Amino acid sequence: MPQHIIIAGGGSAGWMAAALFARLRPAPLTRITLVESDAIGTIGVGEATVPILQDFNRLLGVHEPEFVAATQGSFKLGIEFVDWGHLGNRHFHGFGDFGAPIEGTAPHHHWHRLRTAGREQDPIDAWSMPAILARQDRFAPPEASRGEAAEYRYAYHFDAGLYACLLRSYAQSRGVAHMEGRIVDVERDPHSGDVAALRLDGDRRLDGDIFIDCTGFASRLLGAELGVALVDWSGWLPANRAIAQGSARAGRFTPFTRSTALTAGWQWRIPLQHRTGNGLVYSSRYLSDDEAAHILTSNLDGDAIGEPRLLRFTTGRREQFWAHNVIAIGLAAGFMEPLESTSLQLVQTGLARLAELLPHGRVAPPIRTEYNRETIAEYERIRDFLIAHYCISQRPEPFWRDSANMALPDTLTHKLALWDAMGRVPMYDLESHAEPSWAAILLGQGRIPQGHDPAADRMSLESMAALVAARRDTLQAAAARLPQHDHFVRRTCHAQAA
Ligand SMILES: Cc1cc2nc3c(=O)[nH]c(=O)nc-3n(C[C@H](O)[C@H](O)[C@H](O)COP(=O)(O)OP(=O)(O)OC[C@H]3O[C@@H](n4cnc5c(N)ncnc54)[C@H](O)[C@@H]3O)c2cc1C
């Protein structure tokens with residue numbers, strides 16, 4: 001008998017699950033059915049990504065130019081942070097290091113040494129190829145022939161609804177069955193407690209072996225039915241609201257997301273081909289919804305499109321992600337604010353882990369335990385990275401002062417302490433963000449360590465300064481030869497008018 005996988009929910013998470021399993025577990029070994037409710041709808045945001053989405057598309061065989069054109073997409077070299085450390089502070093978290101290690105030591109240690117000796121006046125961004133490209137609105141994919149000027153990765157911005165459509169036709173053309181309907185009840189096996197079938201409106205029944213819960217914040221199967229609680233992290237990440245608003249394309253067509261810190265939260269700006277995506281993430285303890293909507297609309301750089309949408313959320317993760325025969329993916333599994341575009345990343349890594357661990361037959365309990373162990377670690381590592389953005393800020397407003405004064409998770413306390421002492425970031429199991437990402441945020445906000453790796457002192461200061469200057473010239477010259485982001489998109493993946 002083929003294993004029947006039921007995917008509950010047809011947002012980005014549901015259709016990513018359907019496409020991946022259609023690709024990796026084709027019939028006749030597996031049957032896949034996705035059920036979604038038009039009346040409930042999807043969250044419809046989630047437009048900035050991280051580079052691993054390239055791997056996802058490649059695995060499906062979705063080609064980049066068609067994908068970008070079909071989703072009105074653009075390219076993303078990283079995130080520009082404005083006013084985060086303090087008003088007037090501007091720094092870039094690029095997808096790449098600040099150059100290759102020099103004599104085996106990470107570049108930011110050399111930067112620290114030169115700066116301490118008064119031989120480096122520029123921020124560390126000046127050493128980063130993605131940051132150099134971003135400042136000039138240039139983009140082309142890295143090519144090995146460009147040597148050290150090709151040491152970066154990139155991701156995408158896209159219209160979430162259009163990406164779901166693309167994945168839906170991919171999945172359906174590979175045999176995924178689709179049902180429209182609301183899950184009104186859940187049948188459980190009286191002996192094992194496993195989910196046996198979903199009851200849909202219209203007196204329909206859908207039985208299956210494995211249930212992937214992609215029902216968004218409702219967490220209809222894992223949370224509501226199996227009673228797996230949410231571990232609430234809003235004490236560390238207090239934002240609990242977002243207002244999203246599209247606007248007409250205007251201003252720069254940037255190959256990066258911009259995140260601008262405000263009095264009680266931050267605002268995103270995501271350039272797409274047919275519009276700009278904007279949103280304000282904030283805490284309702286410090287800012288009313290009306291004030292937030294007013295701030296957002298007055299900060300748009302083009303005319304507003306449609307009505308603003310208010311979204312409420314609680315930051316946290318489910319106590320377990322896999323219980324009985326139900327695995328939650330996407331918002332049903334947990335949510336952390338979109339500051340580093342990690343939600344779709346977690347959808348993708350969750351699905352990859354599930355595809356590796358899910359047997360064709362009975363699920364042995366250690367498999368679930370391992371899935372939960374790895375996923376919890378991954379969520380906690382991202383949580384710490386996001387908290388770091390807030391707790392090191394010098395901004396004076398109550399929202400920021402409270403973030404700076406809160407008690408941190410022990411894992412983050414240790415990270416910051418080692419950083420302060422010698423500019424190293426201890427790496428735990430299942431880190432999503434490597435040391436250069438931490439260095440970008442910490443140095444970018446002005447958290448300068450007291451020391452650096454002594455190995456960086458081996459070369460003479462003169463030789464080091466000369467090496468770094470030559471490298472910067474190489475990067476600047478290479479950047480000047482690359483096209484403007486807008487030209488690159490028009491030439492390679494221009495979308496039809498919306
Ligand atoms: C403000 C905000 C900004 C974000 N920005 C980003 C970003 O830039 N980058 C990023 O990676 N992520 C971002 N995210 C997260 C991203 O939007 C989600 O991870 C992604 O859209 C996946 O959502 P989902 O599919 O889990 O849920 P949803 O889109 O909510 O889909 C839920 C599905 O379940 C169905 N459903 C629910 N209940 C039932 C029921 N009883 N019966 C039948 N069907 C049901 C619904 O109809 C729907 O099809 C953001 C999230 C928010 C809130």
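Where is Pro 28 found? In this predicted model, Pro 28 sits in the loop between H1 and strand S2 (30–36). That loop is a handy place to start, since a cis peptide bond joins Ala 27 and Pro 28 there, with omega at about 5°. A second backbone oddity turns up at Asp 83, a residue other than glycine whose phi is positive, near 65°. Asp 83 also belongs to a loop, this one between strand S4 (78–82) and S5. For some background, most peptide bonds are trans, and most residues other than glycine have a negative phi.

Next comes the ligand. The shell around the ligand counts 31 residues, and those that come nearest are Gly 10, Val 45, Ala 48, Ile 183 and Leu 344. Two helices, H1 (12–24) and H9 (343–357), each put at least two residues into this shell. Sorted by class, the shell turns out to hold 14 nonpolar and 14 polar residues, along with three charged ones.

Several backbone atoms come up against polar atoms of the ligand. At Gly 10, a backbone N or O atom lies 2.8 Å from a ligand oxygen. Gly 41 does likewise, with a backbone N or O atom 3.1 Å from an oxygen atom of the ligand. At Ile 183 the partner is a nitrogen atom of the ligand, which is 2.8 Å from a polar backbone atom of that residue. As for how much of the ligand is hidden, the protein covers 96% of the 1000 Å² of accessible area that the ligand has on its own.

Away from these contacts, there are pockets to look at. The second largest pocket has a volume of about 360 Å³. Its lining is made up of 16 residues, and lying nearest the centre are Pro 51, Phe 95, Ser 432, Ala 434 and Ser 437. Strand S5 (90–94) and helix H13 (435–444) are the elements that give two or more residues to this lining. By class, the lining of the second largest pocket splits into six nonpolar, seven polar and three charged residues.

Finally, the charged side chains. The structure contains 34 salt bridges. One of them pairs the side chains of Glu 187 and Arg 205, with N to O at 2.9 Å. Glu 187 lies in strand S8 (residues 183–188) and Arg 205 in strand S10 (residues 204–207), so this salt bridge ties together parts that are 18 residues apart in sequence. Strand S8 starts at residue 183, and Ile 183 has already come up as one of the residues nearest the ligand.

How values were computed: Residues numbered from 1 in each chain as written. Predicted model: local features only at pLDDT ≥ 70, side-chain atom pairs only at ≥ 80, totals over all residues. Heavy atoms only, no water. Near = heavy atom within 4 Å. Polar contact = N/O pair within 3.5 Å; in protein donor to acceptor, adjacent residues only side chain to side chain. Areas by Shrake-Rupley, 256 points an atom, 1.4 Å probe, with all protein chains shown as cover. Helix = DSSP H or I, 4+ residues; strand = E, 2+ residues; numbered from the N terminus. Nonpolar A, V, L, I, M, F, W, Y, C, P; charged D, E, K, R; others polar. 1 Å grid on protein atoms, 1.4 Å probe; cavity = no way out; pocket = protein on both sides within 12 Å on 5 of 7 lines; lining within 4 Å. Points joined across faces, edges and corners; volume = space filled by probe spheres on them. Salt bridge = Lys/Arg side-chain N within 4 Å of Asp/Glu carboxyl O.
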